[in-house]
Amino acid sequence: SNNSNPSVTQQQEPNRSQPQLQSSQLIKRSARDYQFGQKIGEGSYSSVYSAVDVHNGKTYAIKVLSKQYIVKEDKIKYVNIEKTTLHRLGLQHPGIVQLYYTFQDEASLFFVLDFAEYGELLSIIRKFGSLSEPVSKFYMCQIVDAVRFIHSKGVIHRDLKPENILVAHDFSLKITDFGAAKLLGSSDDPNDEAIDYNSVNQTNGDTAVTTNQDRKGSFVGTAEYVSPELLKHNICGFESDVWAIGCILFQFFNGVPPFKGETEYLTFEKIINVNYNFAPGIPYPPEVVQLVKKILVADPASRLTIPQIMSDSWFSGVPWDDVSYIWYRKVP
Ligand code: ATP
């Protein structure tokens, strides 16, 4: 439906304390420009290191992807989506992990990203079991604001979950992992540097490089946060990101997401039936209960939209043009 699509107006975002492009950024970077530190994480086809830029002394997270692995596992498409999306969303909003540079050598691709000191939001939820109402509200404002921005750029994230939301040194949140994203509209960056996979030694003769193969119908996202419309009708719009936001809001108070079965199949069954409960003994604020109920609605057209969430009474008084840590400290 029309009003549930906030992307129709491609708003110009104010440049909120984002670094300006430096002339040095015109010079091609390489791994020599960084002092690599500890490995801070590992993905299914990547390793992430902290690294200090030898020119400005700042710490970044550098995601290193093995070209051989990407080719072998047929992940070229996902890597390209992530890079293109980060470029489309780049240097405009503090709630998105910034991609500053990309470069490659024979074996690897390097993505130079914002360093999120406290790692995944999931680990913070796990550490405390659940979050207090003010902290939940502070984090939820940032997520809603960032997703509003992402949608305004014609991007559907499609895999929002606390593992894909990183926490920076000032407790600002940064949404990451755009490998499952859907980009609406024209293709981006026609002049963007192509990834050269030719240098990859393909020792295995049956390695198939299928960059153009579209996998319509394949499941994207994570079982617990996937929307009923994706499961039932294989459709995934902006409303599906809103569904995930509802699951995350519930999880802040509950510790675990609303739909969680013993198996993926049982999880899907719960989602399709919108079968979840507010556990007794948890002091959910009544406004949060109402908000969650209005988001976790099976019919995407009847689900709250991002603008409706922003004007919900739980968020009354939130200065949406500056959802920052400073604001949180002002809350009594
Ligand atoms: P998968 O590829 O299997 O979905 P993933 O998306 O988590 O996993 P990566 O993006 O490579 O894989 O991230 C691996 C881990 O590194 C993450 O779980 C996170 O803890 C950490 N990490 C990723 N990016 C950053 C960052 N910008 N700052 C700090 N830590 C990060």
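How many of the 17 residues of α6 are buried? The exercises below treat this and related points.

The structure is a predicted model, in which local features need pLDDT of at least 70 and side-chain atom pairs count only at pLDDT 80 or more, while totals for chains, interfaces and linings use all residues. Residues are numbered from 1 along each chain as its sequence is written, and side-chain values use heavy atoms, with hydrogens and water left out.

**Exercise 1. Describe helix α6 and the setting of S240.**

Step 1. Helices (H or I, at least four residues) and strands (E, at least two) are DSSP runs, numbered from the N terminus. Helix α6 covers residues 238-254.

Step 2. The expected span of a helix is 1.5 Å times one less than its number of residues. For the 17 residues of α6 this gives 24 Å, and the span from the first C-alpha to the last is close to that, at 25 Å.

Step 3. Buried means under 20% relative accessible area, exposed over 50%, and partly exposed in between (1.4 Å probe, protein chains only). In α6, 17 of the 17 residues are buried, so the helix is largely enclosed by the rest of the structure.

Step 4. S240 lies in α6 and is buried, at 8% relative accessible area. A polar contact is a pair of N or O atoms within 3.5 Å; within protein, one must be able to donate a hydrogen and the other to accept it, and residues adjacent in sequence count only if both atoms are side-chain atoms. The side chain of S240 makes such contacts with the side chains of S227, at 3.2 Å, and E229, at 3.0 Å.

Step 5. After α6 comes G255, with a positive phi near 90°.

**Exercise 2. Characterise the surroundings of the ligand.**

Step 1. A residue is near a molecule or strand if one of its heavy atoms lies within 4 Å of it. Around the ligand there are 15 residues, of which S44, S46, D114, E120 and D177 come nearest.

Step 2. Polar side-chain atoms lie at short listed distances from ligand oxygen atoms: 2.5 Å for S46, 2.9 Å for K63 and 2.4 Å for an N or O atom of E120.

Step 3. The ligand taken alone exposes 610 Å², and the protein buries 80% of that; accessible areas come from the Shrake-Rupley method with a 1.4 Å probe, and for residues only the protein chains shown count as cover.

Step 4. Two or more shell residues come from each of β1 (34-42), β2 (46-53) and β3 (59-66). The most come from β1, with three residues.

**Exercise 3. Determine how β4 is paired and whether it is enclosed or open.**

Step 1. Two strands pair if DSSP finds at least two bridges between them. Five bridges join β4 to the antiparallel strand β5 (residues 108-114).

Step 2. A hairpin of three residues connects β4 to β5, and Q104 stands opposite L109 in β5.

Step 3. Five of the six residues of β4 are buried, so this strand is largely enclosed by the rest of the structure.

**Exercise 4. Locate D74 and L91, two residues with positive phi that are not glycine.**

Step 1. Most residues other than glycine have a negative phi.

Step 2. D74 has a phi of about 65° and sits in the loop between α1 (67-72) and α2 (76-88).

Step 3. L91 has a phi of about 50° and belongs to the loop between α2 and β4 (99-104). L91 is partly exposed, at 23% relative accessible area.
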